[in-house]
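Reader: I'm new to this one and would love a close look at a single part before I wander off into the rest. Keep it casual, please.

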Amino acid sequence: MESLGVLLTYPMDSYLEEELSKRCKLFRLWETPPEKRREFLRANAATIRAVVGNTAVGADAETIDALPALEIVASFSVGLDKVDLAKCRERGIRVTNTPDVLTDDVADLAIGLAIATMRRLFAADRYVRGGAWKAKGDYKLTSKFSGKTVGIIGLGRIGWAIAERAEAFGCPISYYSRSEKPQTDYKYYSSVVALAANCNVLIVACALTEETHHIVNREVIDALGPKGVLVNIGRGPHVDEPELVFALLEGRLGGAGLDVFEDEPDVPEQLFGLENVVLVPHVGSSTWETCKAMADLVLGNLEAHVTNKPLLTPAL
Ligand code: NAP
């Protein structure tokens with residue numbers, strides 16, 4: 001792979017970066033200030049044949065247009081919402097992602113966020129650390145997670161893994177997808193509003209597309225209601241964030257556990273003081289084990305591309 005010019009768009013994983021710099025001719029996009037990037041891409045356009053992006057910076061139309069020799073986009077993520085897939089299709093550029101290897105971690109986090117939100121784990125932790133237990137006595141009562149109805153938007157790899165975990169907590173499962181899945185008797189709803197109205201915990205686990213942008217809007221939030229909890233481990237733009245903030249501030253929604261946000265790393269500061277909200281910085285797949293497996297998939301796909309072998313995880 002020594003002759004393969006690879007554009008790494010963002011400092012996503014040190015092992016991946018080290019391996020790419022050993023095996024290929026590596027270009028680190030973030031080392032060039034934004035206003036000089038067009039010039040940087042033009043200067044290296046003949047050499048860059050691969051882009052490795054992630055959920056922060058992928059391969060948009062402008063980047064693809066600036067790289068006439070581009071042959072493959074290998075994403076360090078399963079979601080491809082930061083890759084201009086139409087443009088890749090048009091140019092015959094191959095696209096790979098990192099499915100399956102991250103499923104367990106993201107599903108674990110979804111359940112963790114639901115429990116942390118309902119049992120107020122972080123507020124209770126602050127109660128101990130701040131000395132309030134000694135000063136004020138026992139912490140207040142919270143909501144039970146086991147046995148509550150869990151509604152899942154998107155019964156894909158991660159959605160299924162969440163459902164299996166929630167079942168172990170005795171939770172009835174319902175879901176919304178574009179079509180009913182014949183292989184399960186989980187309850188299917190053909191509208192997100194109906195799903196939200198009939199569950200206690202609503203978990204977003206679908207892909208981000210034009211259709212699923214703001215799939216959780218005011219109507220869905222109101223259907224979930226003041227006792228309902230929203231968990232988002234999909235993508236920030238799945239949720240109409242200003243509507244979510246209003247609903248939480250006004251007590252129209254019971255709580256939220258959020259891994260992803262509309263304008264990362266900016267998070268609405270109105271949420272910081274709410275103890276029924278748990279906020280984590282897009283860490284769904286961020287474990288040593290999973291990031292190593294994701295990096296190996298990216299490297300394996302690039303290796304397969306240059307040696308004319310079948311791609312490990314083609315996405316187009
Ligand atoms: P997947 O197996 O491809 O599942 C995607 C699901 O999205 C499918 O079940 C699909 O259901 C559903 N979907 C697509 N369009 C839809 C629509 N218009 N309405 C309703 N559902 C729709 O992908 P996955 O591996 O489970 O990953 C799912 C998503 O999780 C990724 O795309 C990514 O955004 C997110 N993710 C987040 C993190 C994190 O760190 N927080 C990490 C990894 C992934 P149907 O085809 O049945 O409609």
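What is the relative accessible area of G170, and is this glycine buried, partly exposed or exposed?

Author: G170 has a relative accessible area of 48%, so this glycine is partly exposed. (Buried is under 20%, exposed is over 50%, and partly exposed is in between, using a 1.4 Å probe and protein chains only.) Before going further, a word on what you're looking at: this is a predicted model, where local features need pLDDT of at least 70 and side-chain atom pairs count only at pLDDT 80 or more, while totals for chains, interfaces and linings use all residues. Residues are numbered from 1 along each chain as its sequence is written, and side-chain values use heavy atoms, with hydrogens and water left out.

Back to your glycine. You'll find G170 in the loop between α8 and β7 (173-176); helices (H or I, at least four residues) and strands (E, at least two) are DSSP runs, numbered from the N terminus. If you look for a partner across the fold, try G147: it is 23 residues away from G170 in sequence, yet their C-alpha atoms are 4.7 Å apart in space.

The helix before that loop, α8 (residues 157-168), has a helix partner of its own, α5 (residues 103-118). Their axes come within 8 Å and cross at roughly 50°, which makes α5 oblique to α8. (Axes are lines fitted to C-alpha atoms, for helices over the stretch in contact, with angles from 0 to 180 degrees between N-to-C directions; under 35 degrees is roughly parallel, over 145 roughly antiparallel, 65 to 115 roughly perpendicular, and the rest oblique.) From α5, the contact takes in T103, D104, V106, A107, D108, A110 and I111. On the α8 side you have R157, I158, A161, I162, R165 and A166. Contact here means heavy atoms within 4.5 Å.

Just ahead of α5, have a look at D100, in the loop between β5 (94-96) and α5. Its phi is near 70°, which is a positive value in a residue other than glycine. With 52% relative accessibility, D100 counts as exposed.

H214 also has a positive phi without being a glycine, near 55° in its case. This histidine sits in the loop between β9 (201-204) and α10 (218-224), and at 23% relative accessibility H214 counts as partly exposed.

H214 leads us to P237, because it is on the list of P237's contacts. That proline lies in the loop between β10 (229-232) and α11 (241-249), and it is buried, with a relative accessible area of 18%. Setting aside neighbours within four places in sequence, P237 touches L208, T212, H213, H214, F261 and E262. For F261, 24 residues along the chain from P237, the C-alpha separation is 6.9 Å. Another proline, P265, is in the loop between β11 (255-258) and β12 (277-279). The peptide bond leading into P265 from E264 is cis, with omega near 5°.

Now swing over to helix α1, residues 14-23, whose buried residues are L16, E17, E19 and L20. Those four cover an arc of only 170° around the axis, which puts them on the same side of α1; the arc is that of the directions from the helix axis to the C-beta atoms. Turn α1 around and the face pointing away from that buried side carries S14 and K22, both exposed. Covering the buried residues are, among others, β1 (5-8), β2 (25-28), β3 (48-52) and α12 (288-306).

Take α12 out of that list and see how it lies against α1. The two axes come within 9 Å and cross at roughly 25°, and α1 and α12 are therefore roughly parallel to each other. From α1, Y15, L16, E19, L20 and R23 meet K292, A295, D296, V298, L299, L302 and E303 in α12.

Helix α2 (residues 37-44) gives you a similar exercise. Here F40, L41 and N44 are buried, and their arc of only 95° around the axis puts them on the same side of α2. On its other side, R38, E39, R42 and A43 are exposed. The cover over the buried residues of α2 includes the strands β1, β2 and β3, along with helix α3 (61-65).
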